[in-house]
Amino acid sequence: VRFPPPLMLLLVALLGVGLDYFFPLRFIPPSWNWWRWIFGSSITTAAVAIILFCAISFKKAATNIQPWKESTAMILSGPYAYSRNPIYFCFNLILGGFSVLLNSLWPLLFMPLLVFLLTVFVIEKEEQYLASKFGSDYSHYKQNVRRWI
């Protein structure tokens, strides 16, 4: 993986903010501002908490969280029991929470772009690497756990 996934999230978010500056697309009525802040910050906070939990799992397993470094172990518990890519799923939650906080549809509209970039440039490469590294253990995991959720 040559392009860091967090940078993909940042670029897509900045693209949404840039377009919002020139062409605002509001979707939450002003009377809901209080709820918008609660909902948007809750989504974003939950996503960050899950990412931190995943990071702790990588640390406990003594393997690298960076997809461009060697993996020494498979993590099968916690969020990884439900999704093969919980961190990347949370990147999309962060983008969604950001969209609600900004009251801009642009970040939501760019969510498929983020999914595409992560899938093609990160996930597919990670899956090839993990299949060659862990063989049938990874194949079994892949058959039993969905890519996203």
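Here is a short chat about the helices and a few single residues of this predicted model.

Me: Let's start with α2 and α3. Why are they called roughly antiparallel?
Reply: Helix α2 covers residues 33-60 and helix α3 covers residues 86-102, and the two pack at an angle of about 160°. Anything over 145 degrees counts as roughly antiparallel, so α2 is roughly antiparallel to α3. Their axes are 8 Å apart, and the crossing is left-handed.

Me: What makes up the contact of α2 with α3, by residue type?
Reply: That contact divides into 19 nonpolar residues, four polar ones and one charged one.

Me: Can we zoom in on one residue there? Where is I43, and what does I43 touch?
Reply: I43 sits in helix α2. Leaving out residues up to four places away in sequence, I43 touches L93 and G97. I43 and F98 are 55 residues apart in sequence, with their C-alpha atoms 8.6 Å apart in space.

Me: On to α5 and α6. Why is α5 called oblique to α6?
Reply: They pack at an angle of about 130°, with their axes 6 Å apart. Roughly antiparallel needs over 145 degrees, and roughly perpendicular runs from 65 to 115. An angle of about 130° fits neither of those ranges, nor the one under 35 degrees for roughly parallel, so α5 counts as oblique to α6.

Me: Which residues meet there?
Reply: From α5 come E127, L130, A131 and F134, and from α6 come S136, D137, Y138 and K142. By type, the contact divides into four nonpolar, one polar and three charged residues.

Me: What else is there to see along α5, and where does the helix bend?
Reply: Helix α5 runs over residues 111-134 and bends by about 45° at T119. T119 is also one of the buried residues of α5, a list including L114, L118, V122 and I123. The buried residues of α5 pack against α1 (5-22), α3 and α6 (136-144). After α5 comes G135, with a positive phi near 55°.

Me: How do you know that Y129 is partly exposed?
Reply: Y129 has a relative accessible area of 30%. Buried means under 20% and exposed means over 50%, so Y129, at 30%, is partly exposed. Y129 belongs to helix α5 and touches E70 and S71, not counting residues up to four places away in sequence. Y129 and P112 are 17 residues apart in sequence and 24 Å apart in space, C-alpha to C-alpha.

Me: What makes the phi of A62 worth a look?
Reply: Most residues other than glycine have a negative phi. A62 is not a glycine, yet its phi is positive, about 55°. A62 lies in the loop between α2 and α3.

Me: And N103, what is its phi and where does N103 lie?
Reply: N103 also has a positive phi of about 55° although it is not a glycine. Its place is the loop between α3 and α4 (105-109).

Me: Why is A62 called exposed while N103 is called buried?
Reply: Take the cut-offs again: under 20% is buried and over 50% is exposed. A62 has a relative accessible area of 60%, so A62 is exposed. N103 has a relative accessible area of 7%, so N103 is buried.

Methods: Residues are numbered from 1 along each chain as its sequence is written. This is a predicted model: local features need pLDDT of at least 70, side-chain atom pairs count only at pLDDT 80 or more; totals for chains, interfaces and linings use all residues. Side-chain values use heavy atoms; hydrogens and water are left out. Axes are lines fitted to C-alpha atoms, for helices over the stretch in contact, and angles run from 0 to 180 degrees between N-to-C directions. Helices (H or I, at least four residues) and strands (E, at least two) are DSSP runs, numbered from the N terminus. A crossing is left-handed if the near helix is turned anticlockwise from the far one by less than a right angle, and right-handed if clockwise. Ala, Val, Leu, Ile, Met, Phe, Trp, Tyr, Cys and Pro count as nonpolar, Asp, Glu, Lys and Arg as charged, and the others, Gly among them, as polar. The bend at a residue is the angle between axes fitted to the seven residues ending there and the seven starting there. Buried means under 20% relative accessible area, exposed over 50%, partly exposed in between (1.4 Å probe, protein chains only). Contact means heavy atoms within 4.5 Å.
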